[in-house]
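Q: I would like a close look at one part of this model, set out in a formal and connected manner. Please begin with a single contact and proceed outward from there.

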Amino acid sequence: MRYRTSAASVALFVVGVALLEAAVRSGLVPSAIVAAPSQIFAAFRELQGDGQLVGPFFITLGQVFAATLAGSVSGILFGHLLARRAAFANAYLSWLGGAFSAPIVLLYPLFLVIFGRSYVTVIIMASITTFIPVAIKAYEAFAAVPRVLLAVGESFNLEPGKVFRMIELPAALPRLFIGLRLGIIYALVNVIAIEYLIDFGGLGRIVSDLYAAFNIAAMYAAIFLILILSGAFLAALDFTQRRLRSR
Amino acid sequence: MMRKAPAALRIQVITLAVALAVYELLARSHLFYSGALPPLFDIAGGVAREVVRPDFYANLGITAYEVVAGFTIATACGVTLGIVLGAQRTLGAIVAPFIDAVATSPKIIYLPVIMLVVGTGPISKVGMAVLSAIFPIVISVAAEMREISPTLIDVARTFRCSPMQMAMKIYLPALRPAIVGGMRLGLGLSVLTVLLGEIKIGDKGLGYLTIDAYNHYRIPEMYGLLLLIFTMAVVVNILIGRVASRQR
């Protein structure tokens, strides 16, 4: 059944592409608004040949990696602090919950003024949006570590660093991964959005530049590439999560 | 509402005081480019100057119109689509990959496509609001639709209910928590994408006022507007959260 629906999805996509191609070629849909799939594919190959895709692709990927690393490390450490200090948890969890749904990306003009139009602005903003869900899930993960495991570590006189590395982190990993998954998705979405907004960086900047140049087919090619990248990230994260669960 | 423990309240107050003090020190330290970090008093002045401007409320009204119009359309379309995709499981499974792909992508990149279709006016921001809000509603409603008790549906069929009667008497009451939950997410996203659309390309609205202040280097006013926008967005989110929790 699963393969049948997958095959039907692929068939729907092919039919949709064919109908769009026919609609644009016949003039039913203006080509100045929607490019024909064949034109999008040709533009994609042209962009790739000019090197306008590979470089920006890796710039975006690099920024996502940097933001995820910074946000995740700080989020895990802060979540651990909240799990071990109840007073801090009572104080900061409600703020974190509020910040989770707050439109942080709206503050980008503020970061532009302070850090300028640079990779620093993109990475710092994306790091903040990664930090929040990772910190919340890290708190839940470390708070759920069974006390008996920590007691075993204490009985062996383990240093706090070893307790964290050898007991707490492995025990918290399944729940921690949920936060990391959210963090990576937020990092990807926010990096591309901020690149588009400030006309700087990788794939997001490409979309803005191509629209400004009225290169419609190439713009759609860049948007499609971003869609594929988002889908690939999600699929990779789902696969990793299923592998972690099966262990 | 539970009262916070005294220790937690003390930590919050101290954290806020330290953050404001560090900001004020940095603002007055000349470590940053002149005007990049205005002192708190200047920001307060910026807020005051913006709220007394005659065009502030007109622009606020335009942003509110764009959010409400887009969100209303998204809710109507999202609930309908969610019911259809939830009731027709095979269709839902076939279309799911496309919905998931677009739902997880940054919606702001579709602004150029929307502008090509409807231009750069307020309608493009309404379109952005629809695009952002519709997906959480569709996904939430479709998922809940699949969980509706088959007994309810069988009872309605024995009474030979029409599709409209099924929707009004069975589906909508059963879907209310999912609809409210999806609307909660969707409204927050509508506000965000409308403002981002106004900031990126617009000549009206609160987002436009903000980027106009940035372009003319009226930094205290820009900070003030961002503070107002952020506060309004958080308040809207809290209000929706309270409405949503009452619906459970």
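Which side chain meets that of R205(A) in a salt bridge, and what is the N to O distance?

A: In this predicted model, the side chain of R205(A) meets that of D209(A) in a salt bridge, with an N to O distance of 2.8 Å. Both residues belong to helix α9 of chain A, which spans residues 203–212. They are four residues apart, about one turn of the helix. R205(A) has a relative accessibility of 23%, which lies between the limits of 20% and 50% and therefore makes the residue partly exposed. D209(A) is likewise classed as partly exposed, at 33%.

This contact belongs to a wider set, since the structure holds 12 salt bridges over all chains. In chain B, the side chains of E50(B) and R53(B) meet in a salt bridge at 3.4 Å, N to O. E50(B) is buried, because its relative accessible area of 1% falls under the 20% limit. Another salt bridge of chain B joins R218(B) to D212(B), the closest N and O atoms being 3.5 Å apart. Here R218(B) is partly exposed, with a relative accessible area of 25%, whereas D212(B) is buried at 16%. Through shared partners, salt bridges join E50(B), R53(B), D55(B), D212(B) and R218(B) into one network.

Aromatic contacts form a second theme, and the structure holds 12 aromatic pairs over all chains. One of them is formed by F78(A) and Y92(A), whose ring centres are 5.8 Å apart and whose planes make an angle of 45°, a tilted arrangement. This pair links distant parts of the chain: F78(A) lies in helix α3 (residues 54–84) of chain A and Y92(A) in helix α4 (residues 86–100) of chain A, with their positions 14 residues apart in numbering. F78(A) is partly exposed at 21% relative accessibility, while Y92(A) counts as buried at 13%. F78(A) also forms a tilted pair with F131(A), at 5.6 Å centre to centre and 45° between the planes. That pair too links distant parts of the chain, because F131(A) is placed in helix α6 (residues 119–143) of chain A, 53 residues apart from F78(A) in helix α3. F131(A) is partly exposed, with a relative accessible area of 21%. Ring pairs link F78(A) and F131(A) with F88(A), Y92(A) and W95(A) into a cluster.

A contact between a charge and a ring connects the two chains: K200(B) lies over the face of Y196(A), at 4.7 Å from the ring centre.

Residues of both chains also line the second largest pocket, including F224(A) and F98(B). About 1400 Å³ of space lies in this pocket. Its lining comprises 36 residues, of which F224(A), L227(A), F98(B), A101(B) and V102(B) lie nearest the centre. From chain A, helices α1 (2–26), α2 (37–49) and α10 (216–246) each supply at least two lining residues, as do α4 (89–103), α5 (111–118) and α6 (122–145) of chain B. The most is given by α10(A), with 11 residues. By class, the lining has 30 nonpolar, two polar and four charged residues.

Conventions:
Residues numbered from 1 in each chain as written. Chains lettered and ligands numbered in written order. Predicted model: local features only at pLDDT ≥ 70, side-chain atom pairs only at ≥ 80, totals over all residues. Heavy atoms only, no water. Salt bridge = Lys/Arg side-chain N within 4 Å of Asp/Glu carboxyl O. Buried < 20%, exposed > 50% of the residue type's maximum accessible area, 1.4 Å probe, protein only. Phe/Tyr/Trp six-rings, centres within 6.5 Å; stacked < 30°, edge-to-face > 60°. Lys NZ or Arg CZ within 6 Å of the ring centre and 35° of its normal. 1 Å grid on protein atoms, 1.4 Å probe; cavity = no way out; pocket = protein on both sides within 12 Å on 5 of 7 lines; lining within 4 Å. Points joined across faces, edges and corners; volume = space filled by probe spheres on them. Nonpolar A, V, L, I, M, F, W, Y, C, P; charged D, E, K, R; others polar.
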